[in-house]
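Visitor: Before we look, could you walk me through the reasoning behind the labels used for a structure like this one?

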Amino acid sequence: MNDDDLRALMRKADPTTGDPRLDDARIRRIVAAAERDDLAGETANAPRRRRRLFAGVSIGAAATAGATALIAGLVATPAIQAPGPGPDETPAACEAPTVASLQEFDTAYEATATTVTGDDVTLTVTQVFAGSPGATLTVEQVQEDTGVLFTAGQSYLVAATDDFISPCDSGPATPTLRQLYTTAFETSSGN
Amino acid sequence: MLSTERSRAYESLVRTHGDAVLRFLRRRIDPQTADDVFSETMLIVWRRFDDLPEEPLPWLYVTARNCLRNAERSARRQWRVAERIITVDPPTDTVDPGPEEDPRADCLRAALARLSATDAEVLRLWAWEELGPPEIATVLDITTNAATIRLHRAKKKLRQEMEAPRRPTGTTTKGGER
């Protein structure tokens, strides 16, 4: 069962499937209650008023790493998220991988993309940091905001859990990223 | 913003997103409490209307979720309706499966109920609220990376739960877990 099938099946089990849509009379009651509330002031239940964030700022600016970090730092407060690409699984903006984020994965390795055929990518593993990926494996192409991750002939550092490759924590094998992988998995590889 | 202009903008928001917020609540609590929490949520939205982001839906879900938690705490304090708070299983009394329900739906509900609350919630946000990892991250106050990983793991666990043979009474299948 692929993701689309799973989601379709879950939708069939949605307990609100038979519910009517919010009707006009209820909407008018909600608006009227809000207008009456203008006189009532604040309540203890209301979330803390916070600064308006990013109002009038471009989506691109809101999607910067700095904004993402700020968003992540808001605790128990409705946070503003840069509009994403929709309900798929491609992150709108990746945070830079860290030792902590890499340690979320049970498999990490360096590999060369030997062939790329459609969405199928064959990787030849050259170094294992964690897990047992095997000598070669075929994975799905990873979609990124700017295109696809794997290009034949290039080397990559890959962080994965089972068959899921993190687009945010995987990337071309650069010395900086390799050092991060080494640091993240040096304890586990030493076991 | 002028008050009439604000009211019109608010009404537009309620028309666009109110139904989604009410459904969000009805999927997590009994209908009567959901309606009450929905009213409270929308009042808070009105009070915070000037703070609304350009893409308000995740923010609305966070607000609804906070109100729901308040309702849960209140219910627990009063030693009542604890059984009405549904955090794992959807409220079956609101399910209207109809004659053509997919026979796998029951299996899915049971599997969903066996997942942890966190895994089940991630899946609900993904399938029922139709959110992607960035929006799930906002609602759950976690990073997008973490949301992506949690979603992936939750889907895997749900599939495993659905595929796992139900243990016959008195029989233990060693190594039955995949």
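Guide: What follows is a short conversation about a predicted model, taken label by label.

Visitor: What makes α6(B) roughly perpendicular to α7(B)?

Guide: The two helices α6(B) and α7(B) pack at an angle of about 105°, with their axes 8 Å apart; angles of 65 to 115 degrees count as roughly perpendicular, and therefore α6(B) is described in that way relative to α7(B). The contact is made on the α6(B) side by residues including B:Pro133, B:Ile136 and B:Leu140, and on the α7(B) side by residues including B:Thr144, B:Ala147 and B:Leu151.

Visitor: Why is the largest nonpolar core said to lie between domain 1 and domain 2 of chain B?

Guide: Domain 1 (1-87) and domain 2 (102-166) of chain B both give residues to this core, so it lies between them. The core has 48 residues, and among those that touch the most other members are B:Leu25, B:Met42 and B:Trp126. Helix α3(B) gives the most to this core, with nine residues, while α2 (24-37) of chain A is one of the elements that give two or more.

Visitor: Which residues is B:Met42 in contact with, leaving aside its neighbours within four places in sequence?

Guide: With that exclusion, B:Met42 is in contact with A:Ile30 and A:Ala34 of chain A, and with B:Val14 and B:Gly18 of chain B.

Visitor: How do you know that β2 and β3 of chain A pair?

Guide: Two strands pair if at least two bridges are found between them; β2(A) and β3(A) have five, in the antiparallel sense, and therefore they meet that definition. The bridge partner of A:Leu123 is A:Leu137 in β3(A).

Conventions. Residues numbered from 1 in each chain as written. Chains lettered and ligands numbered in written order. Predicted model: local features only at pLDDT ≥ 70, side-chain atom pairs only at ≥ 80, totals over all residues. Core = buried A, V, L, I, M, F, W, Y, C linked by C-beta atoms within 7 Å. Buried ≥ 20, exposed ≤ 12 C-beta atoms within 10 Å, placed from the backbone. Helix = DSSP H or I, 4+ residues; strand = E, 2+ residues; numbered from the N terminus. Domains from an automatic or database assignment. Contact = placed C-beta atoms within 7 Å. Axes fitted to C-alpha atoms, helices over the stretch in contact; angles between N-to-C directions. Parallel < 35°, antiparallel > 145°, perpendicular 65-115°, else oblique.
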